[in-house]
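Colleague: Please take a close look at the salt bridges in this model. I would like them set against the fold and the burial of the residues concerned.

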Amino acid sequence: GSQPSTVNHVTSALRAMATDALTYGHLSERPGYPPQLKLANVKDRIFSAKEIEAFVAWFVATGRPEYADLFVFLTETGARIGEVLALKGEDIDLQKNRCTFWKTKNGHPRTIPLTTRAMDALAEHMPPRPTYRMWTISYAQMRTQFDNARLALGVHDVSLHTARHTACSRMG
């Protein structure tokens with residue numbers, strides 16, 4: 001029941017372990033492995049400009065403008081939701097229009113330039129103290145509201161991570 005990418009990843013790890021076991025004499029011959037599974041690349045989906053505006057309008061219409069701004073920020077920066085929710089006021093450089101993500105997936109901080117639209121999305125959310133978080137939303141709250149918007153708008157083949165694909169597609 002695992003995804004092909006998971007099966008390929010596990011098989012690759014087993015191949016590496018078998019190579020080490022052969023090298024150190026724990027195995028006398030290399031075991032056979034199934035061929036790599038073909039991947040259905042379903043992550044190519046991006047938001048259209050019309051869809052972005054529809055999500056923004058839905059968040060605003062349901063009294064959640066902070067969610068609209070967070071969604072816009074995600075589609076403009078390509079950052080992961082966890083990285084954005086960890087942002088503090090001190091991570092935003094308003095003079096140079098950039099922000100630094102300290103808590104990243106690979107553990108290496110990165111600084112990115114911000115578009116005018118990303119800066120506008122941040123404007124209302126600068127905390128009163130630099131050590132406070134930019135967003136008062138939790139991941140669970142954003143995910144729930146995003147799923148509500150998705151269902152209300154009839155868009156079924158997207159996730160919050162689609163915002164990252166959208167931004168990266170624009171940059172490419």
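Modeller: The secondary structure of the protein chain consists of 7 helices and 3 strands; helices (H or I, at least four residues) and strands (E, at least two) are DSSP runs, numbered from the N terminus. Read from the N terminus, the order of elements is α-α-α-α-β-β-β-α-α-α. This is a predicted model, in which local features need pLDDT of at least 70 and side-chain atom pairs count only at pLDDT 80 or more, while totals for chains, interfaces and linings use all residues. Residues are numbered from 1 along each chain as its sequence is written, and side-chain values use heavy atoms, with hydrogens and water left out.

First, the overall setting. The radius of gyration of the protein chain is 21 Å, whereas a compact globule of 172 residues would have one near 16 Å; the radius is taken over C-alpha atoms, and the globule rule is 2.2 Å times the number of residues to the power 0.38. Along the principal axes, the C-alpha atoms fill a box of roughly 65 × 40 × 30 Å. Of the 172 residues, 36% are buried (under 20% relative accessible area; exposed is over 50%, and partly exposed lies in between, with a 1.4 Å probe and protein chains only). Among contacts (heavy atoms within 4.5 Å) with a separation of 6 or more, 59% are between residues 24 or more positions apart. The charged side chains number 21 positive and 16 negative, and the centres of the two sets lie 4 Å apart. In that count Lys and Arg are positive and Asp and Glu negative, with His and the chain ends not counted; each charge is placed at NZ of Lys, CZ of Arg, CG of Asp or CD of Glu.

Now the salt bridges. A search of the whole structure finds 9 of them, each being a side-chain nitrogen of Lys or Arg within 4 Å of a carboxyl oxygen of Asp or Glu. One of them joins R117 to E53, with the closest N and O atoms 2.6 Å apart. R117 belongs to helix α5 (residues 116-123) and E53 to helix α2 (residues 49-61), so this pair ties together parts that are 64 residues apart in sequence. R117 is partly exposed at 31% relative accessible area, and E53 is also partly exposed, at 40%.

Helix α6 holds bridges of another kind. D147 pairs with R143 at 3.6 Å, N to O; both lie in α6 (residues 139-153), 4 residues apart, which is about one turn of the helix. D147 also meets R150 in a salt bridge, at 3.4 Å from N to O. R150 and D147 are 3 residues apart in α6, so about one helical turn separates them. On accessibility, R143 is partly exposed at 42%, and D147 is partly exposed at 21%. R150, at 15%, counts as buried.

Q145 lies in α6 as well. Its relative accessibility is 11%, so Q145 counts as buried. Leaving aside residues up to four places away in sequence, Q145 touches W58, F59, R64 and Y67.

A further set of salt bridges forms a network linking R45, E51 and D157. E51 also serves as a reference point for K38: the two are 13 residues apart in sequence, and their C-alpha atoms are 30 Å apart in space. K38 lies in the loop between α1 (4-23) and α2 and is exposed, with a relative accessible area of 78%.

Two buried regions complete the picture. In helix α7 (residues 162-171), T162, A163, R164, T166 and A167 are buried. The buried residues of α7 pack against α2, α3 (65-77) and β3 (110-113). In strand β2 (residues 98-101) sits C99, which is buried with a relative accessible area of 0%. Not counting residues up to four places away in sequence, C99 touches F73, L87, D91, I92, R110, T111, I112 and L114. The C-alpha atoms of C99 and L114 are separated by 7.1 Å, with their positions 15 residues apart along the chain.

To return to your request: the bridge between R117 and E53 joins α5 to α2, whereas the bridge between D147 and R143 stays within α6.
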